[in-house]
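Student: I am new to this structure and would like a close look at a single part of it. Could you choose one helix and explain how it sits among its surroundings?

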Amino acid sequence: MTPFMQRVAQVVHADGGPVAPQLRDSRPRPVGAGVHEQVELRSVAEQLVSEANTVLAEAGRAVELVDEPGPEALAFTLRAGRSWARVATRFADGRSWGRLVTPGAGPVERELTGPEALPDLVVALIAGAER
């Protein structure tokens, strides 16, 4: 088992709690940089969902990953039970902005600091589904 899979198992067996993912204020960047980061986030998310689902299968549960392509944004949603988070990059005027949308998110646009923040996000969603 990978270290991430061990974290998932700990949450499922109530031996560990989630760590909030690292966020930063959303900032404009060139479109190419935004696309690159979104593709990287999506790739890492797919790997983590696969690992999490391997552990969650014994409990009859799963994390879902749903892509949401569109003309003005690239996005995907992660869902575990009733817990969810949407990771998006929107495009306008030759710029891009990342955004993490979760229930109860405030009016200030925030985004993940990068792919290294995804494991904490997935574990937090799984822990939220446990409640």
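Tutor: What follows is a walk along helix H2 and the parts around it.

The model is a predicted one, and a short view of the whole helps to place the helix. The protein has 3 helices and 7 strands, which run from the N terminus in the order α-β-β-α-β-β-β-β-β-α. Its C-alpha trace spans about 45 × 25 × 25 Å along the principal axes. The radius of gyration is 15 Å, which agrees with the value near 14 Å that a compact globule of 131 residues would have. Buried residues account for 39% of the 131 residues, and among contacts between residues at least 6 apart in sequence, 60% join residues at least 24 apart.

Helix H2 covers residues 31–56, which makes 26 residues, and from its first C-alpha to its last it reaches 36 Å, close to the 38 Å expected at 1.5 Å a residue. Its buried residues are Gly-34, Glu-37, Gln-38, Leu-41, Ala-45, Leu-48, Val-49, Glu-51, Ala-52, Val-55 and Leu-56. A general point helps in reading such a list: an α-helix has 3.6 residues a turn, so residues three or four places apart point the same way.

Part of this helix belongs to the largest nonpolar core, which has 29 residues and counts Ala-52 among those with the most contacts inside it, together with Val-8, Leu-78, Leu-112, Leu-118, Leu-121 and Ile-126. The elements that give two or more residues to this core are helix H1 (3–12), H2, strand S4 (73–80), strand S5 (83–92) and H3. Ile-126 shows how H2 meets other parts of the chain, since, leaving aside neighbours within four places in sequence, Ile-126 is in contact with Ala-52 and Leu-56, and also with others including Val-8, Val-11, Val-12 and Ala-80.

Not every buried residue of the helix is nonpolar, and Glu-51 in helix H2 deserves a pause. Glu-51 counts as buried because its relative accessibility is 13%, which falls under the 20% cut-off. Beyond its neighbours within four places in sequence, Glu-51 is in contact with Thr-2, Phe-4 and Met-5. The C-alpha atoms of Glu-51 and Val-8 are separated by 8.8 Å, although the two residues lie 43 residues apart along the chain.

The charged residues of the helix give a second view of its surroundings. Side chains of opposite charge can pair when their charged atoms come close. The structure holds 10 salt bridges, and one of these pairs is Glu-46 with Arg-42, whose closest N and O atoms are 2.9 Å apart. Because they are 4 residues apart in helix H2, Glu-46 and Arg-42 are separated by about one helical turn. Glu-46 is partly exposed, with a relative accessible area of 47%. Elsewhere, salt bridges that share partners join Glu-37 with Arg-24, Arg-27, Arg-29 and Glu-111 into one network.

Within that network, Glu-111 forms a salt bridge with Arg-29, with 2.6 Å between the closest N and O atoms. This pair links distant parts of the chain, Glu-111 being in strand S7 and Arg-29 in strand S2 (residues 29–30), 82 residues apart. Glu-111 is buried at a relative accessible area of 2%, and Arg-29 likewise counts as buried, at 7% relative accessibility.

Terms used
Residues are numbered from 1 along each chain as its sequence is written. This is a predicted model: local features need pLDDT of at least 70, side-chain atom pairs count only at pLDDT 80 or more; totals for chains, interfaces and linings use all residues. Side-chain values use heavy atoms; hydrogens and water are left out. The expected span of a helix is 1.5 Å times one less than its number of residues. Buried means under 20% relative accessible area, exposed over 50%, partly exposed in between (1.4 Å probe, protein chains only). A nonpolar core is a set of buried Ala, Val, Leu, Ile, Met, Phe, Trp, Tyr and Cys residues joined through side-chain atoms within 4.5 Å. Contact means heavy atoms within 4.5 Å. The radius of gyration is taken over C-alpha atoms; the globule rule is 2.2 Å times the number of residues to the power 0.38. A salt bridge is a side-chain nitrogen of Lys or Arg within 4 Å of a carboxyl oxygen of Asp or Glu.
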